[in-house]
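Got your viewer open? Let's take a short walk through this one, selecting a few things as we go.

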Amino acid sequence: MTNKFIHFIANWKMFGDINSINSLNKVIKFSNIHKKNKYRIIYCPPYTLLNLFSRKVKNTRIMLGAQNCHHEQNNSAFTGSISAKMIKKIGAKYVIVGHSEVRADGETDLIINKKIKTLINNGLNIILCVGETLSQRKKKQTYKILKNQISRALKGIKKKNNILIAYEPIWSIGTGIIPKIFDLDKDIKYLKNFLLKKIKIKKPKILYGGSVNDKNIIDLKKIDILDGFLIGGASHSPKKFIDIIKKTFI
Ligand code: PEP
């Protein structure tokens with residue numbers, strides 16, 4: 001991969017407890033040794049671990065992200081929710097929005113758009129997930145879906161330089177299946193061009209997510225316009241996560 005920062009985002013979903021801090025120790029140690037390569041490691045643990053992880057990563061190269069947030073302002077009456085301000089105050093720098101699992105649970109494009117506005121107002125970086133289902137792919141609707149998801153999510157938003165777009169084909173998440181490298185390369189190029197020309201993002205950053213592991217990274221890293229990876233299952237294991245990072249730079 002090229003001379004730019006490559007993002008490695010660990011999306012832990014509902015994984016992890018207080019003992020997970022041990023896996024962070026190994027990744028911190030790794031990042032202290034491997035200072036030369038240009039990468040950003042961003043851990044997105046469940047809300048329950050944000051505080052613990054935040055204290056642990058202070059003064060390290062590891063950054064913190066949340067997996068979601070509410071679109072309303074701080075101090076709103078929404079039982080069970082977390083505001084962007086709370087996430088910011090805990091020390092996180094990134095928030096994932098539009099993940100297909102959250103969309104499937106009712107998160108609409110309008111809600112995503114509101115979340116992004118709130119996150120920008122609170123000075124947080126955004127990881128916006130987009131992706132098509134297998135049946136949409138088979139019907140050759142991928143680009144239409146991606147264009148709609150991105151346009152709606154970013155409607156009315158001027159400040160777009162702190163948004164990472166994570167392309168996550170839904171049929172690839174947690175299945176062990178990744179797109180053919182040739183197809184993925186073509187799709188990422190299409191997306192980059194769309195973000196540049198139509199959405200007017202000067203330096204669009206695109207990540208790939210979906211079953212990334214310490215083996216298929218050898219092929220995935222050949223797509224040199226990628227700016228990194230959103231990694232679910234394989235990020236639970238510090239060894240696998242570190243291997244993914246190491247192999248990206250070999
Ligand atoms: C994800 O859920 O964002 C993801 C990429 O998961 P996995 O790597 O497990 O497919």
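Here is a tour in two parts, starting at the ligand and ending at some salt bridges.

Before you click anything, keep in mind that this is a predicted model.

**Stop one: the ligand.** Select the ligand and show what surrounds it. There are 14 residues around it, and Lys-13, His-99, Glu-168, Gly-174 and Ser-211 come nearest. Colour that shell by class and you should get 3 nonpolar, 9 polar and 2 charged residues.

Now zoom in on Lys-13: an N or O atom of its side chain sits 2.5 Å from an oxygen atom of the ligand. Next, pick His-99, where a side-chain N or O atom is 2.8 Å from a ligand oxygen. Then try Gly-232, and look at its backbone this time: a polar atom there is 2.8 Å from an oxygen of the ligand. How much of the ligand's accessible area does the protein cover? On its own the ligand has 290 Å², and the protein covers 95% of that. Switch on a surface to see the space the ligand takes up, which is the second largest pocket.

**Stop two: the salt bridges.** Side chains of opposite charge can pair when their charged atoms come close. In this model, the count comes to 12 salt bridges.

Select Arg-103 and Asp-109 for one of them: their closest N and O atoms are 3.1 Å apart. Are these two buried or exposed? Both Arg-103 and Asp-109 are buried. Keep Asp-109 selected and add Arg-152, since those side chains also meet in a salt bridge, at 3.4 Å from N to O.

Key
Residues numbered from 1 in each chain as written. Predicted model: local features only at pLDDT ≥ 70, side-chain atom pairs only at ≥ 80, totals over all residues. Heavy atoms only, no water. Near = heavy atom within 4 Å. Polar contact = N/O pair within 3.5 Å; in protein donor to acceptor, adjacent residues only side chain to side chain. Areas by Shrake-Rupley, 256 points an atom, 1.4 Å probe, with all protein chains shown as cover. 1 Å grid on protein atoms, 1.4 Å probe; cavity = no way out; pocket = protein on both sides within 12 Å on 5 of 7 lines; lining within 4 Å. Sits in = over half its atoms within 2 Å of the grid points. Nonpolar A, V, L, I, M, F, W, Y, C, P; charged D, E, K, R; others polar. Salt bridge = Lys/Arg side-chain N within 4 Å of Asp/Glu carboxyl O. Buried < 20%, exposed > 50% of the residue type's maximum accessible area, 1.4 Å probe, protein only.
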